[in-house]
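Work through the exercises below with the model open. Each task is followed by its solution.

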Amino acid sequence: MKRSWLTYIALALMIAAPLRAQTIGQNKSAGASEVFTLAVRSQLVVEAVTVKDKNGKSVQGLTAGDFTLTENGVEQKIRFCEHQTLPATAEPLPATPAKDESITIYKRLGRTQLAPEQPESLRYKDRRLLALYFDMSAMPPGDQLRALAAAEKFVRTQMTSVDLVSILRYQGGSVDVLQDFTADRNRLLSILETLVIGEGQGSADSIDDASSADTGAAFGQDDSEFNVFNTDRQLAALQTAAHMLGGLNEKKSLIYFASGLRLNGTDNEAQLHATVDAAIRAGVSFWPIDARGLVASAPLGDATQGSPGNEGMYSGTAAQANTANFQRSQDTIFSLAGDTGGKALLDYNDLTRGIVNAQQSISDYYILGYYATNTTLDGRFRKIKVTVNQPADAKLEYRPGYYAGKEFGKFNSTEKERQLEDALMLEDPVTDLTVAMEINYFQLNRAEYFVPIVVKIPGRELALAKKGGAEHTLIDFVGEVKDTYGNNTVSNVRDNVNIKLSDATAAELAKRPIEYESGFTLLPGKYTIKFLARDDETGRIGTFQTNFVIPNLNKEIQYVPISSVVLSGQRVDLKDSLYDAMKGKDAAKAVAANPLIANGRELVPSVTRVFTKGRELYVYLQAYDERIGQPAPVSQSFVAYVSFYRDHVKVFETQPLAVTPVATGRLAIAPLDFNIGVSQLQAGKYDCQVTILDPAHGKATFWQASLALSQ
């Protein structure tokens, strides 16, 4: 009688509720076959050489036979020689008004990588590549205005038919590519005009010397560590931009708009050298432009800061410190230009002149290419020497050398972190490792949702190493969750796990996956998650990226609000989860945050949805009852049951489960947990349906997903 009553309610409602299946997937096709690859190691080195005679005129008509090139004293065979001739005084493009484009255009185009140069592509042949790079983090609004105005003036009146310009912006800790290399002036102008003045600030150094303003505040901690970190971030961003440009073989000029860049003693020298090395390796020359222009500084500082208010005002140390800080901020960008073959524009109000200098520096050069005879990937600097047979008095300008590639096993800790950062920025995922992921969501309160993620990596794809007499495998994890536009990072995770295995469990690793669990607290909305896993023995990386949605269950009035539905084939004790990367972390925090952990046992979601008949099938979800403006009710119960269909015919159904919700403030949560024996079912594919009824309010929700049973 009770069963008939429930059936009557379900039939009377006749509502096909929208499916709220959790996000699952993997970065490789499930049935993809293994492909065996024969690899041949070779390294193509491309060198741009400018040849001028004693009068400073470019030498024309040279071929590969006219050059002699050595690497570390060993002569190399030049495979190709291409002459690039770019007119330095070409007629500017006709002036046309900018199109009326939406202010959101640069947000739509913003990404983290430049398009790489395709093999045998002629897109960049006889083209001049200029990258406009705006450091918005440390430029005050006045300097930002001058920098953008100079860029607009160049694009409108001085950009020639052979110029390709890209726009990059640094703010908020990331380098955004607002526009790839293009000759479309209207598109470039629309992006420059929609950049918001004053955005991205907050990274300016805090001066703590005799020239600093007296604010009357109590004595606080030293800001020097913040300054060191901030300068390192600015230099690292330049390094990232140089790395992006390294995928193009032609000469590249990066025009760097900034309000100076001040080093903090010797603390930033390591990152400065790394940035210069990356630019040399990528064939990029920096052309810094001091956006402050010609500055007539007051001895004790301008009106943007208060009076020093100390004895330095009278002894002259405040004025001396103020001048020294300004000069040091210019010394750094002067060094960046000199070490990479560019030239800094300092103390000059026409900032456009700095772009023109970079433009005119690339007019006539030869591109030489050779395959290095030394194929050792040791990461060392290799010195290049180029000579020309005739004319004998020719003056050559070229990159003095490059850094060879390096095998992963020889990476230091900094280089390993850099590899993960670069892989995270790539638009195309790396799929050396198979990574499967399941994303669920559970409501915590009326505003927030807990989003647990489960990542699985086949153990057979991981390398084992001996350490301390035992087998072990080390895995690095890094991931980030961004909003729907991809501009703001909402949450991130960085972890590395060293899993030690006994002889018995090491043998099982080939049959069982490594599982990693983490979680985020998010608001309702649309998000993108990108997650990387790296085998720290081989350097192989797997990337998983997908979009997911956290619904706003507060607005659900037609159906019963429910969480994700988790299907699982195993519930294990936390102490027995040998391959769980979260093992060893604070168990109390895990239990409190993750609803899949209860009473010391963990429900492990099945990403593949394939289950064994000999084991129980677990189905878990939560139903919610919300009342605005009054306490959550606890008197009525939710009723739920699970059905299995095969070829649209019901073959199995569980007994109804009634659960009374537990009030937590203005939200009542009813956990619905099913343990289902499936041994009586035949092997094959099924449709699993979960039906949730709310008899008190006449509402229901139906959830469906496909699964498979194996012997």
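**Exercise 1. Are Phe-477 and Phe-531 buried or exposed, and how do their rings pair?**

Step 1. Phe-477 and Phe-531 are both buried (under 20% relative accessible area with a 1.4 Å probe, protein chains only; exposed is over 50%, partly exposed in between).

Step 2. This is a predicted model: local features need pLDDT of at least 70, side-chain atom pairs count only at pLDDT 80 or more, and totals for chains, interfaces and linings use all residues. Residues are numbered from 1 along each chain as its sequence is written, and side-chain values use heavy atoms, with hydrogens and water left out.

Step 3. Rings of Phe, Tyr and Trp (its six-membered ring) pair if their centres lie within 6.5 Å; planes under 30 degrees apart are stacked, over 60 edge-to-face, the rest tilted. The ring centres of Phe-477 and Phe-531 are 5.9 Å apart and the planes stand at 40°, so this pair is tilted.

Step 4. Phe-477 belongs to strand β19 (residues 470-483) and Phe-531 to strand β22 (residues 525-535), so the pair ties together parts 54 residues apart in sequence. Strands (E, at least two residues) and helices (H or I, at least four) are DSSP runs, numbered from the N terminus.

Step 5. Add Tyr-516: with Phe-477 and Phe-531, Tyr-516 forms one aromatic cluster.

**Exercise 2. Place Ser-285 and list its contacts.**

Step 1. Ser-285 lies in strand β10 (residues 284-290).

Step 2. Ser-285 has a relative accessible area of 12%, so Ser-285 is buried.

Step 3. Leaving out residues up to four places away in sequence, Ser-285 touches Lys-252, Ser-253, Leu-254, Thr-340, Gly-341 and Gly-342 (heavy atoms within 4.5 Å).
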